[in-house]
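Please open the model in your viewer and keep the sequence panel beside it, since this tour moves from one selection to the next.

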Amino acid sequence: MSDFTDVTYEVEDGLAWITINRPDRYNAFRARTVDELVKSFKKAWGSSEVGAIALTGAGEKAFCSGGDQKQRMETGDYGPSDSGLFEVEALHRVIRDVPKPVIAAVNGVAVGGGHVLHLLCDLSIAADHAIFGQNGPRVGSFDAGLGTGYLARAIGEKRAREIWFLCRRYSAEQALDWGLVNKVVPGDQLRAEVRAWADEILQLSPTALKVLKQSLNADTEHFIAQGNMAYSTLKLFGESAEAIEGISAFNEKRKPDFSKFRGA
Ligand SMILES: CC(C)(COP(=O)(O)OP(=O)(O)OC[C@H]1O[C@@H](n2cnc3c(N)ncnc32)[C@H](O)[C@@H]1OP(=O)(O)O)[C@@H](O)C(=O)NCCC(=O)NCCSC(=O)c1cc(O)c2ccccc2c1O
């Protein structure tokens, strides 16, 4: 972990803290960030010291704002990675598969792919200033599969469709009311609250928790296969004029104009 640039990993009394450390980009992830997150989750998985995992973002403004749209504008992709692939599916996979409870400590905006990351964590505890939402249709992207089907499981079809079709921002209180998060606390109490939840978890049987997590996952496993199809499409869509309009508009700080793509 000493060669990490985008993520920090630390273990405190049985709880592994995995922190996305790109605050100047609102903790947006690039391909390298995703690689480091996957390695961190695997490290926590294999460690006999660790019984619970917390995922958070550096600073007070952002948990994670999804894929790095400045990187995408600069290079047309999410940048270099160990394998040459953008391994976000592997990241989703490891959050679900790591046989230890994962708590999202949502310390600020959780938007786009960052919203999906908190959604996939087993539990979400939010600071009262946290903001939630999806943004893909505004920037020429989408996170279908778990990002749509699992979201609908969590909060219902109508609300999931509202989130994706309007790309609005939602407060922590609204997220709590919809069942998107487990608890909301003042920002300065977030780490202590996550610590307290982890301490309760750490008193329980690890094997029982592992099997319960696997059992809860089994019912939504098919969304991964749907996601694989969606990512294949996304790779092609990302190079289209429509998607480029979305990403250009974000970087030029203007509203996108998708009007000429309505007929397709
Ligand atoms: C996150 C925001 C809602 C915050 O809004 P706010 O008004 O509070 O702050 P600013 O807009 O002024 O932002 C501050 C500062 O941070 C920069 N920034 C914010 N988000 C990003 C980002 N995602 N990438 C890069 N930089 C970001 C912003 O430019 C400002 O910097 P300045 O230099 O200008 O000061 C709001 O910022 C926002 O809506 N951000 C964009 C959110 C977004 O579109 N995310 C990506 C969606 S697509 C995605 O996540 C995605 C996920 C996947 O899993 C994929 C998998 C496979 C392929 C593609 C995928 C994919 O695209």
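Which residue in β7 is the bridge partner of Ile103? Select Ile103 in this predicted model, and the residue to look for in β7 is Leu123. Now widen the selection to strand β5 (residues 102–106), which runs parallel to β7 and is joined to β7 by 4 bridges.

Keep β7 selected and turn to its pairing with strand β10 (residues 183–185), where the two strands run in the parallel sense over 3 bridges. Within this pairing, Ala127 of β7 can be picked out, standing opposite Val185 in β10. If you then colour strand β7 (residues 123–127) by burial, 4 of its 5 residues come out as buried, so the strand is largely enclosed by the rest of the structure.

Next, select β4, β6, β8 and β9, which form, in that order, an open sheet of 4 strands with mixed pairing. Its edges are β4 (62–64) and β9 (170–171), each of which pairs on one side only. Inside this sheet, strand β6 (residues 109–111) and strand β8 (residues 131–133) run parallel and are joined by 3 bridges; to find the register, select Val109, which stands opposite Ile131 in β8. With the sheet still displayed, add helix α4 (residues 113–120), which lies across β4, β6 and β8 and runs at about 100° to β6.

From here, move to the ligand and display the 22 residues around it, of which Gly66, Gly67, Gly112, Gly113 and Ser141 come nearest. Which elements give two or more residues to this shell? Select α2 (69–75), β6, α5 (136–139) and α11 (222–237), and you have the elements that do so. Strand β6 is therefore worth keeping highlighted, because it is among these contributors to the shell and is also joined to β8 by bridges. Colouring the shell by residue class separates the residues around the ligand into 9 nonpolar, 9 polar and 4 charged.Finally, go to the segment before β1 (7–12) and select Phe4, which is found there. Is Phe4 buried, exposed or partly exposed? With 16 C-beta neighbours inside 10 Å, Phe4 counts as partly exposed, since a residue needs 20 or more such neighbours to be buried and 12 or fewer to be exposed. To end the tour, add Glu36 to the selection and draw the C-alpha to C-alpha distance from Phe4, which is 6.7 Å although the two residues are 32 residues apart in sequence.

Definitions and conventions:
Residues numbered from 1 in each chain as written. Predicted model: local features only at pLDDT ≥ 70, side-chain atom pairs only at ≥ 80, totals over all residues. Pairing = 2+ DSSP bridges. Contact = placed C-beta atoms within 7 Å. Axes fitted to C-alpha atoms, helices over the stretch in contact; angles between N-to-C directions. Near = placed C-beta within 6 Å. Nonpolar A, V, L, I, M, F, W, Y, C, P; charged D, E, K, R; others polar.
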